[in-house]
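Student: I have a structure to look at, and I would like to understand the words used to describe it. Could you take me through the reasoning behind them?

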Amino acid sequence: MSKGLVLVTGVTGFVGTAVALAYFEAGYTVRGTCRSQSKAEEWISLFPQYKSKFEYAIVEDIAVPGCFDEAVKGVEIIAHTASPFTYDIKDNEKDLLLPAIAGTHNLLSATSLSPTLKRIVLTSSFASVFDFATFPAMGKTYTDDVWNPATYEEAKTHAHPGYVYCASKVLAERTFWEWIERERPGWEGSVVCPPNIYGPPRQPLSSLSSLNTSTKDVWNIMSGAYKEGLPPTAMPAFVDVRDVALAHVRATEREEAKGQRYLLIGGVYTNEEIASIIAQSHPELNDRLPKVDDASKVNHDLLYDSSKAQEQLGIQFIPLEKCIRDTADRLVQIEKDLKH
Ligand code: NAP
């Protein structure tokens, strides 16, 4: 028997796919939002074992008012993962800010059409926590209570796409909490704030160049793109996508998660460590990998506290080595499959 119907927005994405799989595994039925029928059919064809537990709703653009009105009907849980994660932008508002913020607003506006709704978990980000201008702030501990001070006014014209992405996440998250505060809905909300998410990508892919932004970090290291030298590690914190997915399920099931925000950092890392894990687990890739003398010498100076997620959601974070090894295994397999 199904435990209930969960709406996963952006089910075709890297995180959305993992989140949907975690809900299936926990015994739920999933309705996924997809931009088109063909994307929905391609997605479920990868998971035939869950075909009878899957339905879909077409949401072509989350920024369009009313777009979620049909999708929310009859659901008990919503995991809102859909939001653009890209640095390849032409228009700060259209490409990042509006889909993130209006997308969240449109989902919240639709919830009055779903009296069965009990819980929503919003996929926010560590981008909603740290201040882009001062990151990483020396001696500062990042916790569930720290907020990125970015404003819409600045983000609208800011020249750095990283700033704009971070602003899109914090402004969407503020939209979520302010709605709950103002409307006092009959459902409860929780938020998860993961940093760079790695781990095996399970979403449909037509090419390795269409990989999601965070998985590309790992692919670039193993594909030979950085053979002559690694770039600096811009964001030295990671979490495995399977932990992020489990955190969504637990945040919608546990009493103590009501109204909570969870920083979801699995550990710190450097690009050198990623390269040396891949060199050990996949020696056949060595001629593509950059030379790393001693990854263990690299300092980690990011201080954080993710203990609330560990204690309240029972997440025991997957360590970097397993996360990267499994990511590399999957990417090697995808590369082989795409050649055939
Ligand atoms: P992704 O693979 O690109 O997934 C994004 C999903 O959102 C896709 O299904 C995409 O659909 C959908 N989407 C984006 N804009 C849309 C629009 N305007 N209308 C309809 N659908 C739209 O990226 P991801 O890494 O899984 O990110 C998912 C969520 O996790 C985002 O909220 C992101 O901010 C958050 N997050 C990600 C990371 C990370 O490292 N990956 C870290 C922290 C937080 P199409 O593919 O059809 O465009």
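Student: Which residues of α6 and α10 meet?

Tutor: This is a predicted model, so keep that in mind throughout. From α6, T215, V218, W219 and M222 take part, and they meet I324, T327, A328, L331, V332 and E335 of α10. What puts them in contact is having heavy atoms within 4.5 Å.

Student: What makes α6 and α10 roughly perpendicular?

Tutor: Helix α6 (residues 213–223) packs against helix α10 (residues 320–339) at about 75 degrees, and their axes are 10 Å apart. Angles of 65 to 115 degrees count as roughly perpendicular, and therefore α6 and α10 get that description.

Student: How do the residues of that contact divide into nonpolar, polar and charged?

Tutor: The contact of α6 with α10 has 7 nonpolar, 2 polar and 1 charged.

Student: Let's turn to the sheets. Why is one side of β3 and of β10 left without a neighbour?

Tutor: The sheet is an open one of 7 strands, ordered β3-β2-β1-β4-β5-β7-β10, with parallel pairing. β3 (54–58) and β10 (261–263) are at its edges and have a single partner strand each, so one side of each lacks a neighbour in the sheet. On average, neighbouring strands here are turned by 20 degrees against each other, direction ignored.

Student: How do you know that β5 and β7 pair?

Tutor: Pairing takes at least two bridges between the strands. β5 and strand β7 (residues 188–193) run parallel and are joined by 5 bridges, so they pass that cut-off. Within this pair, I120 stands opposite G189 in β7.

Student: Which helices lie on this sheet, and at what angles?

Tutor: Among them is helix α2 (residues 37–45), which touches β2 (29–34) and β3 and makes about 160 degrees with the direction of β3. Another, α3, lies across β1 (5–9), β4 (77–80) and β5, at about 175 degrees to β4. Angles over 145 degrees count as roughly antiparallel, so α2 with β3 and α3 with β4 both fit that term.

Student: What makes β8 and β11 edge strands?

Tutor: They belong to an open sheet of 3 strands with the order β8-β9-β11 and mixed pairing. Both β8 (196–198) and β11 (267–268) pair on one side only. β8 pairs with strand β9 (residues 237–240) in the parallel sense, over 3 bridges, and Y198 is opposite D240 in β9. Helix α7 (residues 241–253) packs on this sheet, touching β8 and β9, with its direction at about 70 degrees to that of β9.

Student: Now the inside. How many cavities of 30 Å³ or more are there, and what lines the largest?

Tutor: There is 1 cavity of 30 Å³ or more, and the largest has a volume of about 50 Å³. Its lining includes H80, T104, L122, K169 and E173. α3 (92–110), β5 (119–123) and α5 (161–183) each give two or more residues to that lining, and α5 gives the most, with 3 residues. The lining divides into 4 nonpolar, 5 polar and 2 charged.

Student: What makes P136 and R184 worth a look?

Tutor: Most residues other than glycine have a negative phi, and most peptide bonds are trans. The bond from F135 to P136 is cis, with omega near -10 degrees, and P136 lies in the loop between β5 and β6 (141–142). R184 has a positive phi, near 45 degrees, and is found in the loop between α5 and β7.

Terms used. Residues are numbered from 1 along each chain as its sequence is written. This is a predicted model: local features need pLDDT of at least 70, side-chain atom pairs count only at pLDDT 80 or more; totals for chains, interfaces and linings use all residues. Side-chain values use heavy atoms; hydrogens and water are left out. Helices (H or I, at least four residues) and strands (E, at least two) are DSSP runs, numbered from the N terminus. Axes are lines fitted to C-alpha atoms, for helices over the stretch in contact, and angles run from 0 to 180 degrees between N-to-C directions. On a 1 Å grid over the protein atoms alone, a cavity is a set of points where a 1.4 Å probe fits but cannot get out, and a pocket is an open set with protein on both sides within 12 Å along at least five of seven lines; lining residues have an atom within 4 Å of a point. Grid points are joined across faces, edges and corners, and a volume is the space filled by probe spheres set on the points. Ala, Val, Leu, Ile, Met, Phe, Trp, Tyr, Cys and Pro count as nonpolar, Asp, Glu, Lys and Arg as charged, and the others, Gly among them, as polar. Angles under 35 degrees count as roughly parallel, over 145 as roughly antiparallel, 65 to 115 as roughly perpendicular and the rest as oblique.
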